[in-house]
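Work through the exercises below with the sequence and the model side by side. Each task is followed by a solution that proceeds in steps.

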Amino acid sequence: MSPTAGISRALPALVVSALVAGCGGGADASDGGTAGAGVPVYAPAFKDFHSWASTPGVGPPDAAADLLAAVDGGAHSMGPMTAYINARPPPGSTSFPVGTIIVKEVNVGELTTRKIFAMQKRGGGFDPGGAVDWEWFELQNLDADNVRIVWRGNGPPNGETYGGNPATCNDCHAGAKTNDFVWTMGFELSSF
Ligand code: HEC
């Protein structure tokens, strides 16, 4: 990345952290606050996610099996995983409320090197061409309670492939549009 790009990316993050500092958001520049619609979250929002309501990964639904079969080395094919949700939607919901955070962590390996993906419902029409209202994240455990944000936005940074699969987060999750872009069995809107 050129130094100029670094500066232009850092500036909006600083502006955003200044804005949320007053409400105890605890953001810092490493959170890489993404400009755009809706209500962004920062690393402290993921604190203690291991204690949230969770469901074991019982493998992909049939509809996604072909897509997943093509993934080599991505978090979705790295063995057993657990999906965590910060708040269950009210019964009868047809979408997840703004503020919902879902984290998916692979169960095996050292805590700090486990692959972790997340999605947060920002609302406001964020990412209108993709999983509308959701922002994607990759996280890293710093310890059992705290994470850092590796990247965030409407997909991984340019040039980063997804386990060699050209499919993007949005490509695959579009297949779960009827469940508000969430695939995990156990997190069907009808199950809450
Ligand atoms: C090849 C298809 C595919 C791709 C590409 C993909 N996902 Fe998923 N994702 C799934 C499936 C299927 C599940 C649920 C079952 C599983 O993980 O085994 C899932 C689950 C998740 C979950 C848990 C909540 C949910 O929707 O079930 C998160 C968070 C998530 N993925 C994030 C991401 C991010 C971030 C990316 C891009 C870096 C991404 N996914 C790319 C297919 C995909």
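Two residues are in contact when heavy atoms of theirs lie within 4.5 Å. The model examined here is a predicted one.

**Exercise 1.** Determine which residues Asp180 contacts beyond its neighbours within four places in sequence, and decide whether Asp180 is buried or exposed.

*Solution.* Begin with the location: Asp180 belongs to the segment that follows helix H3, which spans 169-173. Once neighbours within four places in sequence are set aside, the contacts of Asp180 are Ser95, Phe96, Lys121, Trp134 and Leu189. Next, consider accessibility: the cut-off for buried is under 20% relative accessible area, and Asp180 counts as buried because its relative accessibility is 9%. Finally, look at what the side chain of Asp180 reaches, namely the backbone nitrogen of Phe96 at 2.8 Å and, in a polar contact of 2.7 Å, the side chain of Lys121.

**Exercise 2.** Describe the surroundings of Lys121, stating in which strand Lys121 lies and which residues it touches.

*Solution.* Lys121 is part of strand E4, which covers residues 116-121. With a relative accessibility of 4%, Lys121 is therefore classed as buried. Leaving out residues up to four places away in sequence, Lys121 touches Ser95, Phe96, Pro97, Val98, Gly99 and Thr100, together with Val132, Asp133, Trp134 and Asp180. For one of these partners, Val132, the separation from Lys121 is 11 residues in sequence and 8.8 Å in space, taken from C-alpha to C-alpha.

**Exercise 3.** Establish how far Asp127 is from the nearest side chain of opposite charge, and which side chain joins it in a polar contact.

*Solution.* Asp127 sits in the loop that connects E4 with strand E5 (134-141). A salt bridge requires a side-chain nitrogen of Lys or Arg within 4 Å of a carboxyl oxygen of Asp or Glu; Asp127, although buried, has none, and Arg122, the nearest side chain of opposite charge, is 9.7 Å away. The side chain of Asp127 does, however, form a polar contact of 3.1 Å with the side chain of Asn170. Apart from neighbours within four places in sequence, the contacts of Asp127 are Val132, Trp134, Trp136, Asn154 and Asn170.

**Exercise 4.** Identify where pLDDT stays under 50, and place this against the average for the chain.

*Solution.* The chain has an average pLDDT of 78, and 67% of the residues score at least 70. Over residues 1-29, pLDDT remains under 50, and the model has 16 contacts beyond four places in sequence for them. Residues 71-75 also have pLDDT below 50, with 13 contacts in the model beyond near neighbours in sequence. Predicted coordinates should not be read in detail where pLDDT is low.

Technical notes
Residues numbered from 1 in each chain as written. Predicted model: local features only at pLDDT ≥ 70, side-chain atom pairs only at ≥ 80, totals over all residues. Heavy atoms only, no water. Helix = DSSP H or I, 4+ residues; strand = E, 2+ residues; numbered from the N terminus. Buried < 20%, exposed > 50% of the residue type's maximum accessible area, 1.4 Å probe, protein only. Polar contact = N/O pair within 3.5 Å; in protein donor to acceptor, adjacent residues only side chain to side chain. Lys, Arg positive; Asp, Glu negative; His and termini not counted. pLDDT = per-residue confidence, 0-100.
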